[in-house]
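Please open the model in your viewer and keep the sequence panel beside it, since this tour moves from one selection to the next. At each stop you will be told what to select and what is there.

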Amino acid sequence: MIPQLLTQRRFAPFFWTQALGAFNDNVFKNVLLLLLTFVAVPRYGWDTGLLNNLAAGLFILPFLLFSAWGGLLADRLDKQRLIRRLKLLELVTMCVAAAAVWYEAYLLLLALLFMMGTQSALFGPVKYAILPQHLSATELVKGNAWVSLGTFLSILLGTLLAGLLAALDGAWARGAIAVTLVSLALLGCLASLWVPSAPSSQEGAIQWRPWRGACEVMRDAWREPRVFRALLGISLFWFLGACYLTQLPAWTRDVVHGNEAVVSALLAAFALGVGAGALLCARLSAGRLEVGLVPAGAMIFGLAGLDLGLSQPLAGNDSGLAALSLVPAFWHQMLDLAAIGLGGGLYIVPLYTLIQLESRDDHRARMIAANNILNALFMVLAAAFGVVMLTLAGASLNAFMLALSAISLTLAAAILCCVPRPVLRLSIFVLIRVLYRLRFRGRQAVPARGAALVVCNHVSFMDALILGGGCPRPLRFLMDRPIYESRWLNWFFRIAGAIPVDSERCDPGGVRRALDEVSHALRQGEVVMLFPEGRLTPDGKVHRFRRGIDIILARDPVPVMPAGLAGLWGSWTSNRGGKALTKWPRRFRARVALYFGDPIPAGQATRAEMERRVATLKAKAEAEIGVES
């Protein structure tokens with residue numbers, strides 16, 4: 001079944017445009033390296049190491065020179081027009097490259113590698129900046145997952161096709177390469193014609209100032225701490241990925257004892273793992289930004305790298321793929337690389353989504369440009385790290401892999417210590433997905449940013465967990481202080497950001513302190529969830545809302561998101577058939593529905609209106625899953 005996004009004009013043309021561009025990019029780069037290594041070097045006596053490093057430098061240099069300019073262009077121009085112009089630049093470059101391949105003008109091909117790097121540097125910012133204009137906040141994770149899948153599959157297929165084309169003889173090889181490069185560029189141009197308009201929200205002069213522009217872009221990113229941390233996180237992924245992929249041929253030769261086909265198989269395992277991780281991220285996120293997947297991905301990345309680093313050399317010498325496919329230890333290493341890729345996909349998609357959601361509309365492309373600059377710098381650091389470890393320190397490839405694993409695990413631990421709440425929230429969400437068959441509706445109505453109140457009917461002690469899992473943004477919630485101060489669960493409630501509240505009889509000042517904490521959270525732009533009934537329903541119906549909601553809105557007039565919950569009445573955590581938590585559980589995997597309604601402006605959010613809307617949403621949720629109050 002074709003995913004819905006891939007059938008819609010707001011995403012499909014862009015997806016194919018960027019995927020074809022990445023495909024062509026990698027065909028050209030790898031064909032060039034193969035031609036230089038196996039044709040130009042023997043013919044002209046050039047130095048192989050010098051040529052490979054020169055080619056790598058010519059491709060990375062444009063990202064340092066032009067990324068900032070590309071971000072400025074994407075912020076100031078209609079992104080649709082910019083994409084079409086950049087695809088035309090690619091087509092012209094590939095036409096010249098086809099002629100250079102045919103006439104074997106290798107120095108010209110090196111210059112064209114710089115041009116392809118320039119086109120990629122300019123296309124990078126618009127690639128991720130355009131998605132928030134065409135996709136809702138709850139679709140961004142899925143959109144980024146498909147972009148990541150398309151990119152890594154294109155890298156894989158481009159590498160494999162380059163090897164097949166270069167293996168042809170003489171004029172056949174040159175002709176096939178020329179036709180392929182031009183055809184892929186032409187298909188990308190055609191796909192770009194269907195990309196919808198994405199007008200700029202900012203106008204102004206556009207100047208190319210490589211050094212100053214890069215500094216300004218990095219300064220803008222530095223002023224957004226949360227975005228800048230995400231940029232560093234993505235760049236660390238590219239550092240680790242570059243380290244693994246750069247040493248993959250040597251690992252295949254010295255540890256696996258395989259040939260070129262085995263390199264391609266291991267690369268395929270990594271690329272498919274990244275794609276699977278990206279799609280798994282979209283599945284687990286369920287339409288929300290799930291930052292808790294970032295340390296989980298880094299942990300998987302590190303543990304799989306640890307297992308790979310402990311691998312023993314395989315028997316044989318220059319073995320083919322057919323022979324190695326009969327060796328269990330080879331499949332073990334294939335699974336390790338696939339798991340490394342899987343962790344990478346889980347790790348990187350939420351970070352790109354965070355940048356898109358947290359960046360201002362008129363600065364989003366510049367944040368992506370800052371990311372491209374950092375990625376280029378960290379890939380250079382990856383090359384330097386490899387030289388230091390393998391050449392200067394004389395470490396083995398196994399020790400090198402273990403060092404990468406240590407970096408990944410340290411990164412996972414650091415993220416977990418700094419931001420434990422997203423990981424806890426993700427764990428809860430996975431748990432409730434196991435316990436219940438959940439259906440969510442209307443989550444796209446929750447504002448992507450800014451303060452808001454979520455009000456819902458109160459059916460059971462699981463309500464807060466269901467709402468926390470269903471809302472696309474992290475929630476703060478109010479709860480009774482005696483429960484909050486439970487010896488075994490207090491650590492959990494503190495990490496989760498719960499706001500304790502005492503009854504007025506126990507502590508007259510407790511309510512005021514809780515309201516102060518709610519006010520502080522709202523003024524920080526957070527979403528606060530509360531049950532205005534103030535207690536579990538005794539009969540399954542929505543009861544009168546208490547006046548605390550009026551006090552909160554009087555102090556902080558923010559939009560109110562009504563929500564209706566159905567399916568938990570009758571569970572052991574509800575009051576049906578006896579006091580909650582005093583009965584044995586009787587149901588597993590019950591159907592539960594959570595409906596979000598349209599936001600109610602603060603001026604219209606009377607208690608009567610909120611009660612009415614919550615009751616209506618509850619009735620719709622009950623109708624969806626076929627239960628009665």
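With the whole protein shown as a cartoon, you have 22 helices and 7 strands in view, where helices (H or I, at least four residues) and strands (E, at least two) are DSSP runs, numbered from the N terminus. This is a predicted model, in which local features need pLDDT of at least 70 and side-chain atom pairs count only at pLDDT 80 or more, while totals for chains, interfaces and linings use all residues. Residues are numbered from 1 along each chain as its sequence is written, and side-chain values use heavy atoms, with hydrogens and water left out.

Stay with the whole protein for a moment and turn it slowly. Along its principal axes the C-alpha trace spans about 90 × 60 × 45 Å. Of the 629 residues, 54% are buried; here buried means under 20% relative accessible area, exposed means over 50%, and partly exposed lies in between (1.4 Å probe, protein chains only).

Next, select residues 328-358, which form helix α13, a run of 31 residues that reaches 46 Å from its first C-alpha to its last, close to the 45 Å expected at 1.5 Å a residue. The expected span of a helix is 1.5 Å times one less than its number of residues. Because 22 of its 31 residues are buried, α13 is largely enclosed by the rest of the structure.

Now select His257, in the loop between α9 (225-256) and α10. His257 is not a glycine, yet its phi is positive, about 60 degrees, and with a relative accessible area of 19% it is buried. Continue into helix α10 (residues 260-285), whose 26 residues should span 38 Å, which agrees with the 38 Å between its end C-alpha atoms. Just after α10 comes Ala286, which has a positive phi near 55 degrees.

Select Cys281 and Cys471 together. How many disulfides does the count come to? Taking a disulfide as a pair of cysteine sulfur atoms within 2.5 Å, the count is 0. For Cys281 the nearest cysteine sulfur is that of Cys471, 17 Å away, and for Cys471 it is that of Cys456, 11 Å away. Cys281 is buried at 0% relative accessible area, and Cys471 is also buried, at 0%.

The next stop concerns charged side chains. The structure holds 19 salt bridges, each being a side-chain nitrogen of Lys or Arg within 4 Å of a carboxyl oxygen of Asp or Glu. Select Arg607 and Asp550, whose side chains meet in one of them at 2.7 Å, N to O. Arg607 lies in helix α22 (residues 607-625) and Asp550 in helix α21 (residues 548-555), so this pair ties together parts that are 57 residues apart in sequence. Then select Arg223 and Asp220, whose closest N and O atoms are 3.4 Å apart in another salt bridge; Arg223 is exposed at 55% relative accessibility, whereas Asp220 is buried at 16%. Finally for this stop, add Arg439, Arg441 and Glu624, which are linked in a network of salt bridges.

To finish, select Leu581, in the loop between β6 (560-566) and β7 (590-596). Leu581 is another residue other than glycine with a positive phi, near 70 degrees, and at 45% relative accessibility it is partly exposed.
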